[in-house]
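Open the model in your viewer and keep the selection panel at hand. This tour goes stop by stop: what to select, then what is there.

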Amino acid sequence: MKVLIQRVKNADVKINENIKSSIGNGILALVGIEKGDTNEIVEKLAKKCVNLRIFADENDKMNRSLIDIQGEMLIVSQFTLCGDCKKGTRPSFDKSAPPEIANELYEYFISQIESYGIKTGTGEFGAMMQVSLINDGPVTFMLES
């Protein structure tokens with residue numbers, strides 16, 4: 001599992017030019033599910049996302065978490081995070097989980113984030129989406145299982 005998180009001032013996701021979800025201050029999380037991922041892996045990365053201290057404190061140090069700032073999270077499935085570009089010029093997606101398993105774990109990730117009391121917005125699994133954001137910093141981290 002890979003989760004690319006970006007600290008944002010705001011973000012939204014559109015499907016067919018219509019906004020599906022939007023958030024204010026918080027995290028945009030792009031989520032890629034790989035073969036072999038489990039509920040336990042999802043739980044670990046969800047906990048890491050909400051507790052990672054990437055927001056500034058009163059001394060302008062990254063010392064506050066999403067929970068601390070009562071931020072929001074926009075969660076978007078992105079299987080291309082699982083792409084392997086080491087050979088040739090066309091990515092291989094052999095590491096990506098099959099869609100039915102990936103969707104189940106993606107939905108579980110959303111429920112885990114919500115269990116921490118985080119206001120969430122989501123994309124739509126398998127849909128063609130347009131994501132807009134104002135990256136704050138920029139601050140971007142790749143979390144992997």
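A residue is called exposed when its relative accessible area is over 50%, and buried when that value is under 20%; in between, it is partly exposed. Keep these cut-offs in mind at each stop. The model is predicted.

**Stop 1: the cysteines**

Select C85. Its relative accessibility is 56%, over the 50% cut-off, so C85 counts as exposed. Now select C49. With a relative accessibility of 1%, C49 counts as buried.

How many disulfides are there? The count is zero. Add C82 to the selection to see the reasons. C82 holds the closest cysteine sulfur to that of C85, but the separation is 11 Å, too far for a bond. C82 also holds the closest cysteine sulfur to that of C49, here at 14 Å, so again no bond is possible. For comparison, a disulfide needs its two sulfur atoms within 2.5 Å.

**Stop 2: D136 and its surroundings**

Move to strand β8, residues 130–144, and pick D136. Is D136 buried or exposed? It is buried, because its relative accessibility of 18% falls under the 20% cut-off.

Show the contacts of D136, skipping neighbours within four places in sequence. You should find R7, V8 and K9.

Now draw the K9–D136 pair. This is a salt bridge, and its closest N and O atoms are 3.9 Å apart. The cut-off for such a pair is 4 Å. The two residues come from distant parts of the chain: K9 sits in strand β1 (residues 2–15) and D136 in strand β8, 127 residues apart. Their accessibilities can be set side by side. K9 is partly exposed at 47%, whereas D136 is buried at 18%.

**Stop 3: the other salt bridges**

How many salt bridges does the structure hold? There are four.

Select E58 and R64. Their side chains form a salt bridge, with 3.1 Å from N to O. E58 counts as exposed, at 63% relative accessibility. R64 is partly exposed, with a relative accessible area of 33%.

Next, select E72 and K119. Their side chains meet in a salt bridge of 3.3 Å, N to O. This pair also links distant parts of the chain: E72 lies in strand β6 and K119 in strand β7 (residues 119–122), 47 residues apart. E72 counts as buried, since its relative accessibility is 16%.

Finish this stop by selecting R7, K9 and D136 together. Salt bridges with shared partners join these residues into one network.

**Stop 4: the largest pocket**

Turn on a pocket surface. The largest pocket holds about 430 Å³ of space. Its lining has 21 residues, and those closest to the centre are S77, Q78, F79, A127 and M129. Select these five to place the view on the pocket.

Which elements each supply at least two residues of the lining? They include strand β3 (26–32), strand β6 (72–77) and helix α3 (99–115). Colour each of them separately.

Then colour the lining by residue class. The division is 14 nonpolar, six polar and one charged.

One element links the last two stops. Strand β6 supplies at least two residues of the pocket lining, and E72 of the E72–K119 salt bridge is in strand β6.

Methods. Residues are numbered from 1 along each chain as its sequence is written. This is a predicted model: local features need pLDDT of at least 70, side-chain atom pairs count only at pLDDT 80 or more; totals for chains, interfaces and linings use all residues. Side-chain values use heavy atoms; hydrogens and water are left out. Helices (H or I, at least four residues) and strands (E, at least two) are DSSP runs, numbered from the N terminus. Buried means under 20% relative accessible area, exposed over 50%, partly exposed in between (1.4 Å probe, protein chains only). Contact means heavy atoms within 4.5 Å. On a 1 Å grid over the protein atoms alone, a cavity is a set of points where a 1.4 Å probe fits but cannot get out, and a pocket is an open set with protein on both sides within 12 Å along at least five of seven lines; lining residues have an atom within 4 Å of a point. Grid points are joined across faces, edges and corners, and a volume is the space filled by probe spheres set on the points. Ala, Val, Leu, Ile, Met, Phe, Trp, Tyr, Cys and Pro count as nonpolar, Asp, Glu, Lys and Arg as charged, and the others, Gly among them, as polar.
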